[in-house]
Amino acid sequence: MLLHTLKMQHLHMCLLCLIALAILSYFVHQRPSWVTDYKGEAGGFSEAQTSKPPLYIVVVCCGQRVQETLVMIKSAILFNYDEEYLKFLIFTENGQGDEFTEKLTDWRDIKPFTFDFEILPLKFPSHNEVEWKNLFKPCAAQRLFLPSLLTNVDSLLYVDTDILFLSPISDIWRFFRKFNETQISALTPEHENENIGWYNRFARHPFYGRLGVNSGVMLMNLTRMREMKWEQHILAIHKEYKLRIIWGDQDIINILFYFHPDKLYIMPCEYNYRPDHCMYMSICNMSHVGVKVIHGNRGYFHSDRQLLFKSIYESMENYQLGSNANTQFLMPLHAALKMQSVNESSCGKISNEVLKVANTVLSNRYRED
């Protein structure tokens, strides 16, 4: 009887050991390959500690863009009304990671279990690395190679550094569910009006549709991109058209979707609202929805040319994450947009559209609190 009991205890211990090994093996193999390859400088908690799958947001930051990138990230966290689990992947140069890590670690303590981040090094094709790095703005072409760099990521939202969110991330993420079986990416049009369109008037290469697309806000299904051999197409396009492109990676993306239009989903302009939409005349028909994502391209967040953009950026920059968003962000923004210098500008006329989503989301949040 004693021998039988000892055997049963031995079998029980063996079974427990096998279960433990299986669990350990699962978590080891679930780690994204780029964590091992790139040795991210941060990682505050395990994804197992949150019940929601991560929504990946990727940004590439080189040069004097650290502060701009941090303000973009702050806006995403502020408007994360649904409390999705946001995972920021930041590709940047050596020496800039510490600045990101210090600030984002502080913010993660303020907003625990709602976001995390990884700092990743730049990586371009080795045979012409310098050429790719300097294709347009420093390092902007990095996003063309995300399918092979982030092999364990299925889908992500890529944004330029000069983007601010004025709506929850879940709002734009829903477009993934609208993709048909062939679509691999979503972008907004470059222009809405042929009279001021750049591509239809000046481009010396093929481009998507009548007016081209803007690449500052880009939903990417990396799984489908890998299946279509995305990067092979990118390399071939660069080789053939590199002497005819002006806007670097955006031109390459336009050329690719010219040849594969069935693979692109077009989002409405309020998800990539730019000065071109209002500086001459209002050409983005937002109806009742308001501006969802605003893009201060060509330095408009830091310029007096259209003060609406600078006012929004400065209000977000001055806001201290964790403080009351109504009194510390929304009210100062309302006051800034009422200034005569903003109202007299052509873009100042859409101030109400800028505030529409913010008023609803932030007022609801603090009413609930």
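## A tour of the sheet and a helix pair

Begin by selecting K87, which in this predicted model stands opposite D116 in strand β3. From here, follow the chain onward from β2, which passes through helix α4 (residues 97–110) before it reaches β3, and notice that this β-α-β crossover is right-handed. The two strands themselves, β2 and β3 (residues 115–121), run parallel and are joined by seven bridges.

Next, select the whole of strand β2, residues 85–92, where eight of the eight residues are buried, so that the strand is mostly covered. If you display the side chains, you will find Y85, K87, L89 and F91 pointing one way from β2, while L86, F88, I90 and T92 point the other way.

Now add strand β1, residues 54–61, which runs parallel to β2 and is joined to it by eight bridges. To see one partnership in this pairing, select V59, whose bridge partner in β2 is I90. Adding helix α3, residues 66–78, completes a right-handed β-α-β unit made of β1, α3 and β2.

Zoom out to the sheet. In general, the strands of a sheet pair through backbone hydrogen bonds, and they do so either parallel or antiparallel. Here you are looking at an open sheet of seven strands, with mixed pairing and the order β3-β2-β1-β4-β7-β6-β8. Which strands lie at the edges? They are β3 and β8 (264–266), each of which pairs on one side only. As you move across the sheet, the twist averages 25° from one strand to the next.

Go to the β8 edge and select strand β6, residues 185–189, which pairs with β8 in the parallel sense over three bridges. Within this pair, S185 stands opposite L264 of β8. Bring the helices back into view: α3 packs on the sheet, where it touches β1, β2, β3 and β4 (155–159), and its direction makes about 170° with that of β2. Helix α4 also packs on the sheet, touching β1, β2 and β3, with a direction that makes about 175° with that of β3.

For the last stop, select helix α12 (residues 307–318) and helix α13 (residues 325–337), which pack at an angle of about 160° with their axes 9 Å apart. Because angles over 145 degrees count as roughly antiparallel, α12 is described as roughly antiparallel to α13. Their crossing is right-handed. To display the contact, select L308, S311, I312, S315 and M316 of α12 together with F329, P332, L333, A336 and L337 of α13.

Technical notes: Residues numbered from 1 in each chain as written. Predicted model: local features only at pLDDT ≥ 70, side-chain atom pairs only at ≥ 80, totals over all residues. Heavy atoms only, no water. Buried < 20%, exposed > 50% of the residue type's maximum accessible area, 1.4 Å probe, protein only. Helix = DSSP H or I, 4+ residues; strand = E, 2+ residues; numbered from the N terminus. Pairing = 2+ DSSP bridges. Right-handed = clockwise from strand over helix to strand, strands pointing away. Axes fitted to C-alpha atoms, helices over the stretch in contact; angles between N-to-C directions. Parallel < 35°, antiparallel > 145°, perpendicular 65-115°, else oblique. Left-handed = near helix turned anticlockwise from the far one by under 90°. Contact = heavy atoms within 4.5 Å.
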